[in-house]
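Below are some notes for a colleague who is coming to this entry without prior acquaintance. Please keep the structure open while reading, and take the points in order.

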Amino acid sequence: MKTKDLIAEAISLPVEERAIVVDSILRSLNPPDSDIDKKWAAIARRRISELRSVEVKALPGEAVFSRIWKHRLG
């Protein structure tokens with residue numbers, strides 16, 4: 001099967017099945033690393049805990065990106 005035929009076939013699938021195909025292909029390019037996944041999960045748990053305890057203040061995404069662009073361009 002040619003690549004363009006394979007792509008056309010994949011595009012014709014329902015969205016849920018396309019998501020599974022995409023996820024499978026991406027995982028084949030960058031296989032999950034359980035050690036890294038565990039570290040990211042620990043960071044996420046810590047950050048959620050900080051937000052819930054009001055140790056840190058959440059900022060709207062627009063404000064964060066605005067600061068990034070100002071810093072980057074300024």
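Which residues form a nonpolar patch on the surface?

1. The model is a predicted one, and the points that follow should be read with that in mind. The nonpolar patch on its surface is formed by Leu59, Val64, Phe65, Ile68, Trp69 and Leu73, which together have about 610 Å² of accessible area.

2. Phe65, one of the residues of that patch, is found in helix H4, which covers residues 61-73. With a relative accessible area of 51%, Phe65 is classed as exposed, because that class takes in values over 50%; the reader may wish to note both the value and the cut-off when looking at this side chain.

3. Helix H4 itself has 13 residues, and from its first C-alpha to its last it reaches 18 Å, which is close to the 18 Å expected at 1.5 Å a residue. The helix is hardly covered, since the count of buried residues among its 13 residues is zero.

4. For a sense of the distances involved, it may help to look at Ala8, which lies in helix H1, residues 3-11. Ala8 is partly exposed, with a relative accessible area of 47%. Between Ala8 and Ser66 there are 39 Å in space, taken from C-alpha to C-alpha, and the two are 58 residues apart in sequence.

5. How many salt bridges does a search of the whole structure find? The search finds two, and each is described in turn below.

6. One salt bridge is formed by Asp23 with Arg27, whose closest N and O atoms are 3.0 Å apart. Both residues lie in helix H2, residues 15-29, where they are four residues apart, or about one turn of the helix. Asp23 is partly exposed, with a relative accessible area of 36%, and Arg27 is likewise partly exposed, with a value of 45%.

7. In the other salt bridge, the side chains of Glu50 and Arg46 meet at 3.3 Å, N to O. Here too the partners share a helix, namely H3, residues 34-52, and Glu50 and Arg46 are four residues apart there, about one turn of the helix. Arg46 counts as partly exposed, at 44% relative accessibility.

8. To draw the points together, the reader has a surface patch that includes Phe65 and Trp69, a helix H4 without any buried residue, and two salt bridges in the whole structure, of which one joins Asp23 to Arg27 and the other joins Glu50 to Arg46.

Terms used:
Residues numbered from 1 in each chain as written. Predicted model: local features only at pLDDT ≥ 70, side-chain atom pairs only at ≥ 80, totals over all residues. Heavy atoms only, no water. Patch = residues over 30% accessible without salt bridge, like charges linked within 9 Å, V, L, I, M, F, W, Y side chains within 5 Å. Areas by Shrake-Rupley, 256 points an atom, 1.4 Å probe, with all protein chains shown as cover. Salt bridge = Lys/Arg side-chain N within 4 Å of Asp/Glu carboxyl O. Helix = DSSP H or I, 4+ residues; strand = E, 2+ residues; numbered from the N terminus. Buried < 20%, exposed > 50% of the residue type's maximum accessible area, 1.4 Å probe, protein only. Expected span 1.5 Å × (residues − 1).
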